[in-house]
Amino acid sequence: MSITDSDSSHAGDTKTFRQITRDRLLYEMLRSTRTKESKSTWKVLIMDKLTVKIMSYACKMADITEEGVSLVEDLYKRRQPLPSMDAIYFIQPTKENIVMFMSDMSGRSPLYKKAFVFFSSSAPRELVAPIRRDASVMGRLSALSEMNLEYFAIDSQGFVTDHERALEELFGENAETSQNYNACISTMATRIATVFASLREFPYVRYRAAKTIDASTLTTLRDLVPTKLAAGIWNCVAKYKSSIVDFPQTETCELLIVDRSIDEIAPIIHEWTYDAMCHDLLLMDGNKYVHEVPSKNGSSTEKKEVLLEEHDPVWLELRHAHIGEASEKLHDKMTNFMSKNKAAQIHGRGGGELSTRDLQKIVQALPQYSDQIDKLSLHVEIAGKINNIIREQGLRDIGDLEQNIVFGKAGTTELINFFRTKHNTSREDKLRLLMIYASVYPEKFESDKGNKLMQLAGISADDMIAVNNMRCLMAAQDTKKSSSGFKLTFDMHKKKATVREEKEGDEQKKWTQFRFYPLIEDLLEKLSKGNLPREEYPCMNDPSPSFHSTPVSTPPRTTNNAPHVPAQSVRSRRTGTWARPRNSDDGYSSDSVLRHASSDFRKMGQRIFVFVIGGATRSELRVVHKLSSKLQREIILGSSSLDDPQTFITVRLQFFSSLFPISICKLNCHKCSTSQLLVFDRSFSHNLKLS
């Protein structure tokens, strides 16, 4: 028994990021406890609050049970002694957790017969020392291992580190004097590093550099957040080179670290994909959707919870499609299914008598019919609800105006006309429009025009504070000096908020609300092509000479001599058929997508990882899927959290309010001689509930 990192994944090379995470937990951890020493067939799995979330994002209870776990327990709850059973501990390496483990397994009457301990990240020697010193515990210890897996795999190409207060702790007024600042960066770096441990990847680390406008402006700790996080990740990964078996010794992938200030609009604007609309308009609890179905006796209805996740083939196929396209495809799927499924055809005949042959066909088709009709009906219902909300709230007009503002095709005049004519627009949609406008044109608020525009919209004084806070966030990048109370800043990287360049494409032409793209898309394309400016995005480590010996964006030229192959990760770069449309003639093409997801892969280039400090968006998650296919490189998005618009706006407002009961923002524009003093009363956020 020794403390080591677990071996490489049981899974093959054709696994997605989320599948690799799942397989490490099931096979490297749970299955590894099936040893000759362990005579107990069933075991108890004990986890803390964090590791239970790690497990739930990657595995189902049925998966865990299949690996011999009969009971899942909370480390900090009172537990029944089971001295005849072995226990598996999947816990963080903290002093509190070690104390709880020792109390379970030391002394004459331990709770369990044997213990297999797996730490979610690297365990310092001083934490493990008490275990090694206790002879009674060591005699009952069958394994002590570091899993190095401490992230939530929220998607086949996405993860979060569970730092929902990252903006407050890293960019708030008290960040520089707060103990939470260093703790947040350290924990975040550790969790990000475990992603590379899981995938056996050694990253080339690039980050957004802090820039000041002139020599008189001091660089603050807030400006250095991406730099410090990059350094923390690099320190962790560098240790893996010597501590983890088969860990690459040269760079195998690229990591780009940015913060939320690279794109303030993405978390606010309406994103028109099926996935984003579900979370934006249906007020779902995570990925859980609740709908009503007929009860078993048929006399009433009952509520049923379903998870909209990647195991659902319809969701997998349509989640990144425009809601209009998703609705069209669902209609076509239902029509094709009803015309080709035997049970559906006979069911549609009405009340006529059925022959024995008809009954036989129904029985043969019924299991497939029931399963597929339930899934299709569910998504038809969801799409119908979304389309009704879009019509009732006039979201198409709002979406067009939002995107026209973003691309510079609309301004003050169009916004005034909208507020004068669209009196039924909801408070939240007015707030989002104004926040987008303030982000694109912060200079418009340097006079009284901004306040008049907000008064015309009829928003409350509380919401005016939110809009001004958004404008101040953008304007803070345009000031030479900042005084008084408004201290939330990112870095001074951009000189001025500018409109985006519109891109041409089939989707953009067909759906006018599909023109918006998050700016992270441009950064990733530049990074893949080697065009990302080094002065703006420097590297933490100088890459090995072999890393860029062959450009990853173009195939190597064939010569008489064997071409030099860049360093590769242990796992192949492949993408499944879920990344591209697949059609079949059964009216239910998404079945094909799911069926072939782990068998029909194609090789891809080196992975790209991008991490957004301060919360990522569903539009950014969509982009990494899109670019993975376009660039032929698997791209994985990480962030401190994944935020929907309501969450982002509400958390941001509560964040500002908690920092300043009275906020004073003094903006000194270096392009003009005027100064504006804004005083906001902040006693509102506890009453704020966005509908």
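How much space lies in the second largest pocket? About 890 Å³. A pocket here is an open set of points on a 1 Å grid over the protein atoms alone, with protein on both sides within 12 Å along at least five of seven lines. The volume is the space filled by probe spheres set on the points, which are joined across faces, edges and corners.

Before I go on, this is a predicted model: local features need pLDDT of at least 70, side-chain atom pairs count only at pLDDT 80 or more, and totals for chains, interfaces and linings use all residues. Residues are numbered from 1 along each chain as its sequence is written, and side-chain values use heavy atoms, with hydrogens and water left out.

Back to the pocket. It has 35 lining residues, meaning residues with an atom within 4 Å of a point. Closest to the centre are Ser121, Ser122, Ala123, Pro124 and Glu146. Helix H9 (225-243) is one of the elements giving two or more residues. In fact, H9 gives the most, with eight. Helices are DSSP runs of H or I, at least four residues, numbered from the N terminus.

By class, the lining has 14 nonpolar, 13 polar and eight charged residues. Asp, Glu, Lys and Arg count as charged; Ala, Val, Leu, Ile, Met, Phe, Trp, Tyr, Cys and Pro as nonpolar; the others, Gly among them, as polar.

Where does the pocket lie? Domain 1 (17-150) and domain 2 (170-263 + 591-643) both give residues to the lining, so the pocket lies between them. Those bounds come from an automatic or database domain assignment.

Next, the cavities. A cavity is a set of points where a 1.4 Å probe fits but cannot get out. The structure holds five of 30 Å³ or more. The largest has about 100 Å³ of space. It is lined by 13 residues, with Ile269, Glu271, Ala276, Arg618 and Pro645 nearest its centre. Helix H10 supplies the largest share, three residues. Domain 2 and domain 3 (274-393) each provide at least three.

Last, helix H18, residues 449-457. Gly450, Leu453, Met454 and Ala457 are buried, that is, under 20% relative accessible area with a 1.4 Å probe, protein chains only. These four cover an arc of only 95 degrees around the axis, so they sit on the same side of H18. The arc is taken from the directions from the helix axis to the C-beta atoms. Lys452 and Gln455 are exposed on the face turned away, exposed being over 50%. Gly458 follows H18, with a positive phi near 75 degrees.
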